[in-house]
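This report describes the fold, the surface and the charged side chains of one protein chain. Please keep the structure in view while reading.

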Amino acid sequence: MSGATVEELKDVLRETLENRGALGGVRAHLRAEVSAALEDRAGFQRPDISNENLILNELIREYLVFNRYRSTLSVLLPESGQPETPPFDRDFLARELRVRENDNSKKLPLLYTLLSNAQKTK
C-alpha cells in the first residue's frame with residue numbers, strides 16, 4: 001500500500017472496521033452516550049420500570065446476547081433503564097410466561113419459544 005493517499009488509507013480503515021463490526025459498535029456507543037448526556041443536561045428523570053417492562057427487556061436482552069448484537073444491547077440497557085445485571089434468571093421468566101421448555105428449547109432464547117408457540121396456535 002505504498003504511495004497510498006490519506007483518503008485511500010481512511011477508506012481502507014473504515015472498510016476494515018465495518019467488516020469487523022467495530023464501527024457499528026462505536027456508533028452505537030456514541031449514540032448511547034449522546035442520548036445519556038442530553039438526558040442528564042435536560043434533567044430527565046426516567047420513571048421506574050414496570051414489572052412487565054422488566055420482563056420484556058429481559059426477553060429482548062436474552063435474544064440480543066444470543067445473536068451477539070452487542071452494540072444494540074449497549075444502547076438498550078442505558079436507554080431503557082434496565083439494570084446491567086439481569087434481575088431475573090431464565091427459569092423465572094419461563095415460569096412467569098408459562099412456557100414449557102424441553103432440552104431443545106432451552107438452547108434458544110425464550111422469544112423463539114414464544115414465537116413458535118404462537119405460530120402453533122394459529
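## Terms and model

A residue is called buried when its relative accessible area is under 20%, exposed when that value is over 50%, and partly exposed in between. The model discussed here is predicted.

## Overall fold

The chain contains six helices and zero strands. Read from the N terminus, its elements follow the order α-α-α-α-α-α. The radius of gyration is 20 Å, well over the 14 Å that the globule rule gives for 122 residues, and the chain is therefore more spread out than a compact globule. Measured out along the principal axes, the C-alpha trace spans about 65 × 40 × 25 Å.

Of the contacts with a separation of 6 or more, 58% are between residues 24 or more positions apart.

## Surface and charge

Buried residues account for 20% of the 122 residues. The accessible surface of the chain is about 9400 Å², and carbon and sulfur atoms contribute 53% of that area.

The chain carries 18 positive and 19 negative charges, and the mean positions of these two groups lie 6 Å apart.

## Salt bridges within helix 1

Side chains of opposite charge can pair when their charged atoms come close. The structure holds five salt bridges, and two examples can be found in helix 1.

One of them links Lys10 with Glu7, with 3.3 Å between the closest N and O atoms. Both residues belong to helix 1, which covers residues 6-20, and they are three residues apart, about one turn of the helix. Are these two partners buried, partly exposed or exposed? Lys10 has a relative accessible area of 43%, so this residue is partly exposed. Glu7, at 48%, is also classed as partly exposed.

Another salt bridge joins the side chains of Arg14 and Asp11, at 3.2 Å from N to O. Here too the partners lie in helix 1, three residues apart, or about one turn of the helix. Arg14 is partly exposed at 40% relative accessible area, and Asp11 is partly exposed at 41%.

## A salt bridge between helices

Which parts of the chain does the pair of Arg90 and Glu62 tie together? The side chains of Arg90 and Glu62 meet in a salt bridge with an N to O distance of 2.3 Å. Arg90 lies in helix 5 (residues 90-96) and Glu62 in helix 3 (residues 51-66), so the pair ties together parts that are 28 residues apart in sequence. Through salt bridges that share partners, Glu62, Arg90 and Glu101 are joined into one network.

Notes: Residues are numbered from 1 along each chain as its sequence is written. This is a predicted model: local features need pLDDT of at least 70, side-chain atom pairs count only at pLDDT 80 or more; totals for chains, interfaces and linings use all residues. Side-chain values use heavy atoms; hydrogens and water are left out. Helices (H or I, at least four residues) and strands (E, at least two) are DSSP runs, numbered from the N terminus. The radius of gyration is taken over C-alpha atoms; the globule rule is 2.2 Å times the number of residues to the power 0.38. Buried means under 20% relative accessible area, exposed over 50%, partly exposed in between (1.4 Å probe, protein chains only). Contact means heavy atoms within 4.5 Å. Accessible areas come from the Shrake-Rupley method with a 1.4 Å probe; for residues, only the protein chains shown count as cover. Lys and Arg count as positive and Asp and Glu as negative; His and the chain ends are not counted. The place of a charge is taken as NZ of Lys, CZ of Arg, CG of Asp or CD of Glu. A salt bridge is a side-chain nitrogen of Lys or Arg within 4 Å of a carboxyl oxygen of Asp or Glu.
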